[in-house]
Amino acid sequence: MQILLGIPGGIAAYKSADLARLLANQGHRVRCILTEAGARFITPLTLSSLTAEPCYGANPDQGEWRANPSIEHIELARWAELVAVVPATADIIGKAANGLASDLLSTVLLATRAPILWAPAMNTGMWAHPAVQANLARLRSFDHAVVDPDDGILACGEEGSGKLAQVASIAEAILMHGTPKLRGLAGRRVLLTAGPTREDLDPVRTLTNRSTGTMGIELARAFRDAGAEVQLVLGGELPAPWGVETVRVRSAQEMLAACEARWAGADGLVGAAAVADQRPELVAPEKVKKGDGPETLILVRTPDILATLSAVRRPGQWILGFAAESQDHLAHAAAKLQKKGLDAVLVNDIQDGRAFGAQVNTLTPVTAQGPQAAIGPLPKAELARAVVEWWGHRLEAQKNGQ
Ligand SMILES: Cc1cc2nc3c(=O)[nH]c(=O)nc-3n(C[C@H](O)[C@H](O)[C@H](O)COP(=O)(O)O)c2cc1C
């Protein structure tokens, strides 16, 4: 994505350097515009070094100054696929809310057709002031996105609301608002399971698997960015993604219950969790002591979440399953597709330790038409976006009767 990052004169301006670096490291192109006040907090050299792109401003101290400044704002406004203002000061918020164009950043904000996102940061009193809140309400009415500040101790020593949101959350919000929406998915409710399940043996031991949940969490982000309303039912320890309603679960039974409560209201289900197929028959209330001879653990089947939900699906609801197979992966995926009545199974070939914990992976979709072109190898975040794009286009084609 081509991201234009406006940096006004707030004390949190140094955090924008981190944000610029984070986005550039994720493969996005980031160009910065410093306001005159912004350039007193952070230098153009820092920003251009971190982004490997020019930094712009109203005079040479604030960034590169082109020969024809009169059209620079239009070039930048067209270049941007999203404009983010971080940290958004009360001043720039007020200017933009009232259509003022008194410097490069405020002019670009008026000229651009790209989505605009604000991450305000200011003293608690300023943040609470009705003038600032009215200006923000006006920006929201223009369809601008606002990442609200956090509560905490501010640079001025006061405690309250006004602290810049976490850089990682702002980066996620930028991706969410800047990614083009897929017509097959925009506004649709997607229920997604991710991560491992854990089946307890006793108060200290548990039966689980090597899934971390990374792929499922990336899928949740990718569906979110494509415009879907995602509900994530998550096992494991990884933090929940920003902007996604997440329910944490432990066992397969808990995962099923969480899904059953939400399935009727969903348009589609993505089963990316690595659900344990078995659980111990009995959960010991106290820690099991070691015995002298061989020990036997009796396992029983856990509920089959996909099959259970598939059996009660209503017309129009779709289901994507995932499979991790170490042999005959395409044949197993085709059998799973049929047995559970799914629309597609995306299969991982887990030979040689691929998939679990790996950063790069390949998925092959198998549908009623047979195996489709493999997606990947790609890093998991990109793989998730490619899968969502593939599925979004398929849903749209289905809707158009192709
Ligand atoms: C040390 C210092 C810290 C400031 N921090 C903030 C801030 O966090 N938020 C804010 O809205 N204004 C802050 N200001 C005030 C702005 O710098 C001032 O309103 C300026 O005109 C903003 O211009 P700009 O929006 O064009 O960058 C601060 C000023 C100073 C001197």
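Helices (H or I, at least four residues) and strands (E, at least two) are DSSP runs, numbered from the N terminus. This is a predicted model, in which local features need pLDDT of at least 70, side-chain atom pairs count only at pLDDT 80 or more, and totals for chains, interfaces and linings use all residues. Residues are numbered from 1 along each chain as its sequence is written, and side-chain values use heavy atoms, with hydrogens and water left out.

**Exercise 1. Find the backbone oddities.**

Task: work out where Ala52 sits and what sign its phi has.

Solution. Start with the place: Ala52 is in the loop between α2 (44–51) and β3 (55–56). Next, the angle: phi of Ala52 is near 55°, so a positive value in a residue other than glycine. For background, most residues other than glycine have a negative phi, and most peptide bonds are trans.

Now the peptide bonds. The one from Val86 to Pro87 is cis, with omega near -10°, and Pro87 belongs to strand β4 (residues 82–88). Gly376 and Pro377 are also joined by a cis peptide bond, with omega about 5°; Pro377 lies in strand β21 (residues 375–379).**Exercise 2. Map the ligand's surroundings.**

Task: say which residues come nearest to the ligand, and which polar atoms lie by it.

Solution. Step one is the shell, where a residue counts as near if one of its heavy atoms lies within 4 Å. There are 15 residues around the ligand, and Gly9, Thr35, Thr89, Ala90 and Ala121 come nearest. By class, the shell has nine nonpolar, four polar and two charged residues. Helix α4 (residues 90–97) gives the most to it, with four residues.

Step two is the polar contacts (pairs of N or O atoms within 3.5 Å). Thr35 has a polar side-chain atom 2.6 Å from an oxygen atom of the ligand. For Thr89, a polar side-chain atom lies 2.7 Å from a ligand oxygen atom. Ala121 uses its backbone: an N or O atom there lies 2.9 Å from a nitrogen atom of the ligand.

Step three is cover: the protein covers 63% of the 640 Å² of accessible area (Shrake-Rupley method, 1.4 Å probe) that the ligand has on its own.

**Exercise 3. Look between the domains.**

Task: describe how domain 1 and domain 2 meet, from their centres to their buried area.

Solution. First, get the bounds, which come from an automatic or database domain assignment: domain 1 is 2–178 and domain 2 is 189–399. Their centres, taken over C-alpha atoms, are 38 Å apart. Then check contacts (heavy atoms within 4.5 Å): five residues of domain 1 touch five residues of domain 2.

Finally, take the buried area, meaning the accessible area (1.4 Å probe) that two parts lose on being put together, summed over both. The two domains bury about 600 Å² between them, 55% of it on carbon and sulfur atoms. On the domain 1 side, Glu172, Leu175 and Met176 supply 74% of the area buried against domain 2, more than any other three residues.

Notes:
Polar contact = N/O pair within 3.5 Å; in protein donor to acceptor, adjacent residues only side chain to side chain. Nonpolar A, V, L, I, M, F, W, Y, C, P; charged D, E, K, R; others polar.
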